[in-house]
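Colleague: I would like a close look at the first chain, and at how its charged side chains pair up. Please take me through it step by step, and then add some points on the second chain.

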Amino acid sequence: MEENNPIIESGDEGRRNFLKKLGIFAGVGVAAAAGAVYVASDYEEKKNPEGKKVRVLTADGQLVEVPESELQKIEQEELDIEDELQRRGREGIAGKSWVMVIDLAKCRNARMCIAACQAAHQLRPEQYHINTLVMKDSEHSAPYYMPKPCYHCDNPPCVKVCPVNATFKRQDGIVLIDNLRCIGCRFCVAACPYSARIFNWFEPRDSEKYKDQPYDVELNVPQKKGTISKCLFSADRLRKGELPYCVSSCPNGVYWFGDMNEDVVVNGTTKEAARFSQLIKDNGGYTYLEELGTKPRVYYLPPKNRIFPAPGEEQVSSHS
Amino acid sequence: MDNHLSLEESRQKLTQIENDLIRPLKSHNGFEMWVLFLLLLLILGFYAYYLQLRDGLGVTALRDYVQWGMYISNFVFFVATSLIGMLITSVLGLLRIPWITPLTRIAETIALAFAMFAGIVIIIDMGRPDRFPYLFLHGRLQSPILWDVTVVTTYVIISMLLLLIPMIPDAAILRRRMTDAPKWQQAIYKFLSANWIAVPEQYALIKKSIRVLAILIIPTALAIHTVTSWLFASTLRVGWDSTIFGPYFVSGAFVSGVAVVIIAMYFFRNNYKLHNYITDAHFNRMGQLLVLMCFIYLYFNLNEYFVPAYKMRKAEGHHLEALFTGNWAGIFWATQLGGLLIPMLLLIFKPFRKPLPAFIISVFVLVGAWFKRLLIVVPTQQHPYLPIQNVPENFITYKPTGVEIMLTILPMVGVLIVITIIAKLFPIVPIWETAHEQGVDESVIK
C-alpha cells in the first residue's frame with residue numbers, strides 16, 4: 001500500500017513502524033497523534049538534544065522530531081477518543097484539496113469499488129456510498145457505466161439545508177456527516193440532486209458487533225440507526241496517506257485520486273501519477289450536471305475509445 | 001349594535017344566548033363513545049410509534065429514494081389547514097365582515113390544534129427524535145427547517161392568544177354559570193376570566209389586543225406556509241424547484257382550511273343544536289369563500305403544471321408523465337377534478353351551498369387536499385436526475401405500511417382530541433360577541 005501513496009513524503013513509513021513497535025495504543029491512530037502533540041510540546045520545554053530521535057506527525061499535519069526516550073504511553077481514560085476524532089474530522093487535512101477523476105472509458109462494472117466501500121463502511125448490500133449506474137444520455141447515444149460516489153460539491157446543497165450542522169464541508173473539500181449529531185430529518189437527502197445520500201432505516205449491519213467501537217467521523221462507523229450516511233472520500237485513509245477504498249480496489253484503472261493544490265492525481269490501479277489539469281485537458285474532463293451550480297469535486301473523463309464492451313442495450317433501465 | 005337593548009332586555013337576551021351556547025357543555029350525549037373511540041385510536045397510534053422507535057423508520061415504506069412520504073405530506077397538510085385561523089379571524093375580521101362572529105372560535109380552535117400537531121408530525125418523521133433539542137442547541141439559521149420551527153412556534157403562540165383573549169368574557173360567564181362543574185374546571189374558568197368585570201377599560205383593552213394579534217398573525221401565517229413550501233422549493237429537485245411554491249402553498253392552504261371549517265360548522269350545528277347561530281346564511285357565505293379559494297388555487301395549479309408541461313424538459317417530463325398518464329394519474333386526476341374543479345363548479349350554484357351539500361363537498365375537498373400534498377411530496381423523489389438502479393424493488397415504489405398509516409392518523413386524532421376538549425370546556429360560538437352583535441348592553445356581559 002506504500003507504493004500507491006502519492007500524498008505523504010518519506011518518513012511516514014518509519015513513523016508508523018515505530019509506533020507499532022512501541023505498541024502505543026494498538027491500532028488507534030488518534031492516540032498516536034495526540035501522543036505526538038503531547039510529546040512534541042514536552043520536547044520543546046526540555047530541549048534535550050541527546051538520544052535517538054524519531055519523527056512523528058502531529059495532529060495538525062506537522063512532521064516533528066522527538067527523542068525516543070520522551071515518548072510516553074497515553075491511557076485510554078486520559079483521552080476522549082471520540083472528541084479527538086470529531087475535532088480533527090471536522091477540521092480536515094490542512095493544505096489539501098482532494099479531487100477524484102473517473103475514467104468512464106475504463107469502467108466495465110466490476111463493482112469491486114462497491115464491495116470494498118461497503119465492507120469498510122459497514123453497509124448493507126443495498127446501501128451504496130458509491131454505485132455504478134448504466135447511463136444512456138439520449139436515444140441514439142451509446143450506453144456506458146458510470147460509477148457515482150458523492151461529488152463533494154464546493155457549493156453543497158446538502159450542507160446548506162442541514163439544520164444542526166451534522167453535515168459539513170471541511171477545509172480539504174470533503175463533505176462529511178457526523179452521525180452523533182444527525183437528527184434524521186433527511187432534508188439533505190431531499191436536497192442532493194445526485195441521490196448520493198442514504199439513510200439507516202434499520203439497525204445497521206452488524207451493529208451489535210461494532211457497538212463499542214469509538215465513532216470515527218472520517219469513516220462514519222459504527223453506522224447508527226436513524227442517521228444519514230454517504231461517501232466520505234475515505235477521509236480516514238487520506239489521513240493515513242492512502243488512497244480511498246474504492247480507488248485502490250478497482251481492477252481496471254478507472255479511478256484517479258489526488259490533491260488539486262499539488263495538481264497531482266494517482267491512478268488507483270496502476271499507481272501512475274499524472275497532472276490533474278493535464279488529464280482533464282487532454283481527455284475532455286467534465287463534472288456531472290454542473291449547470292446546477294453545485295461545483296462537484298468529482299470529474300469524469302468521457303467514455304470514448306473504450307477498452308471494454310459497452311453495456312448491452314437490454315440491460316439499460318430507463319430514467320423513470 | 002344598532003338595535004341597542006335596555007338593561008333588562010339585555011339581561012334576558014344574554015341569558016337566552018347563554019342557555020343555548022352552554023347547553024352542549026352539559027349534555028354528554030354520545031360523548032363517552034366519541035372519547036372512547038379517540039382513545040382507542042390513540043393507543044393504536046402509540047403502539048405504532050413504539051414499533052417505529054424500536055425497529056427504525058424502516059417500518060415505513062420510506063427508503064433511500066422516496067424518503068419523505070406520508071409523514072411529510074401530513075405535515076404540509078397540517079400547516080396548511082392551520083392557516084384558516086388567520087383568514088377568518090384576521091383578514092375577514094379586520095375587514096369588518098359581520099357574519100364571521102360565530103365562526104371565529106371554530107376557526108381559531110382548528111388553527112391552534114393543527115399548528116400544535118404539525119410539530120408532532122415532524123417529530124414522528126425524525127430518524128432520531130431523541131435529538132430534537134439539537135435544533136435549539138446546534139441550530140443553523142441558514143436551514144429552512146430552523147425558519148419553520150421558529151415561525152410555527154410563533155404561530156402557535158399567537159393562535160393560542162387569539163383563542164384565549166376573546167375567551168375572557170366568556171370565561172367570566174362560564175364561571176358564573178358552571179357552578180356544578182368539577183373544581184378543576186371552575187379553576188380554569190376563574191383563571192381565564194382574568195378578573196373580568198365588563199368595564200369599558202377592559203373592553204377597550206381586549207379589543208385592542210385582538211386587533212394587534214390579528215395584524216401580527218397575518219405575516220406569521222404567510223410565513224409558516226411559505227417557509228414550509230421552501231422546504232421543497234429550496235432544493236434542486238425536479239417538481240420542487242419552483243419559484244411559485246410560496247403562494248401556491250398558501251392558496252392551497254386556504255382551500256383545505258375553509259373546507260375543514262365548513263365540516264366543523266356542520267358538525268357543531270347539528271350535534272350542539274346551534275341552528276340559530278350557525279345558519280344557512282353562514283354555509284352560503286363559506287361556500288362562496290371556498291369557491292374563491294378553489295379558483296385561486298386552480299390558477300396556481302395551472303401555472304405549476306401547465307407551464308412545465310408545455311416545455312417538457314427532460315427530467316421534468318418524466319415527473320409530469322407519471323402524474324398525468326403514469327402511475328400517479330389516478331390520484332392526480334381524482335384530486336384535481338374531484339377535490340378541486342368539480343367542488344368549485346358545484347359550489348357556484350346556490351343549492352349546493354346549503355349545509356348538507358356544502359358539508360359533503362367540503363369532505364371531498366379536504367380529502368383531495370390531503371392527497372394533493374402526497375402528490376407534491378412523493379412523485380418528485382421517484383424521478384431524480386440520475387437513474388435509480390441496483391436497489392430492491394421497494395426502493396422505487398412507495399406503498400405505505402400499516403404502521404405508517406397509523407402514525408399518519410395519530411396526529412389527526414390529536415387534533416380531534418384538542419378540538420373536543422376545547423369544545424367541551426368552552427362554548428364553540430363566542431357568547432359575548434354574539435350577544436354584543438344582537439344589541440346586548442356591554443356592561444351586563446360578565
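Modeller: Start with burial. Of the 320 residues in chain A, 58% are buried. This is a predicted model, and that figure is computed from it like every other value here.

Next comes the fold. Chain A has 10 helices and 13 strands. Take the contacts in chain A with a separation of 6 or more: 62% of them are between residues 24 or more positions apart.

Now the charged pairs. Side chains of opposite charge can pair when their charged atoms come close. Over all chains, the whole structure holds 28 salt bridges. Let us go through some of them.

Look at A:D178 and A:R90. They form a salt bridge, and their closest N and O atoms are 3.0 Å apart. The pair links distant parts of the chain, 88 residues apart. A:D178 sits in the loop between β7 (175-177) and α6 (187-191) of chain A. A:R90 belongs to helix α3 (residues 81-91) of chain A. How buried or exposed is each partner? A:D178 has a relative accessible area of 3%, so it is buried. A:R90 has 23%, so it is partly exposed.

Now turn to A:D154 and A:K169. This salt bridge also has its closest N and O atoms 3.0 Å apart. A:D154 lies in the loop between β5 (144-148) and α5 (157-161) of chain A, while A:K169 lies in strand β6 (residues 167-169) of chain A, so the pair ties together parts 15 residues apart in sequence. A:D154 is partly exposed, at 39% relative accessible area. A:K169 is partly exposed too, at 28% relative accessibility.

A further pair is A:E242 with A:R237. Here the closest N and O atoms of the salt bridge are 3.7 Å apart. A:E242 is buried, with 7% relative accessibility. A:R237 is buried as well, and its relative accessible area is 18%. Buried means under 20%, so A:R237 falls within the cut-off at 18%.

Salt bridges can also share partners. In that way A:R170, A:D172, A:E218 and A:R239 are joined into one network.

Now the backbone of chain A. Find A:P222. It is in the loop between α7 (207-210) and β9 (228-229) of chain A. The peptide bond from A:V221 to A:P222 is cis, and its omega is near -5 degrees.

Then find A:N109, in the loop between β3 (98-103) and α4 (112-120) of chain A. A:N109 is not a glycine, yet its phi is positive, near 65 degrees. A:N109 is partly exposed, at 23% relative accessible area.

Chain B has a residue to set beside it. B:N195 also has a positive phi without being glycine, near 55 degrees. B:N195 is in the loop between α9 (183-193) and α10 (200-233) of chain B. Its relative accessibility is 64%, so B:N195 counts as exposed.

Stay with chain B and look at its helices. α12(B) has 32 residues. From its first C-alpha to its last it reaches 46 Å, close to the 46 Å expected at 1.5 Å a residue. After α12(B) comes B:M312, with a positive phi near 50 degrees.

Helix α14 of chain B covers residues 329-347, which is 19 residues. At 1.5 Å a residue they should span 27 Å. The end C-alpha atoms are 25 Å apart, which agrees. α14(B) does bend, by about 30 degrees at B:L337. Which residues of α14(B) are buried? Among them are B:F332, B:Q336, B:L340, B:P343 and B:L347. What do the buried residues of α14(B) pack against? Their partners are α11 (245-271), α12 (280-311), α13 (314-324) and α15 (355-381) of chain B.

Finish with a charged residue that has no salt bridge. B:D441 lies in the segment after α17 (431-437) of chain B. B:D441 is buried. Its nearest side chain of opposite charge is B:R11, 7.9 Å away. A salt bridge needs the side-chain nitrogen within 4 Å of the carboxyl oxygen, so B:D441 and B:R11 do not form one. B:D441 does have a polar contact, made by its side chain with the side chain of B:S443 at 2.6 Å. Leaving aside residues up to four places away in sequence, B:D441 touches B:H4, B:L5, B:L7 and B:S10.

Note on methods: Residues numbered from 1 in each chain as written. Chains lettered and ligands numbered in written order. Predicted model: local features only at pLDDT ≥ 70, side-chain atom pairs only at ≥ 80, totals over all residues. Heavy atoms only, no water. Helix = DSSP H or I, 4+ residues; strand = E, 2+ residues; numbered from the N terminus. Buried < 20%, exposed > 50% of the residue type's maximum accessible area, 1.4 Å probe, protein only. Lys, Arg positive; Asp, Glu negative; His and termini not counted. Polar contact = N/O pair within 3.5 Å; in protein donor to acceptor, adjacent residues only side chain to side chain. Contact = heavy atoms within 4.5 Å. Expected span 1.5 Å × (residues − 1). Bend = angle between axes of the 7 residues up to and from the residue.
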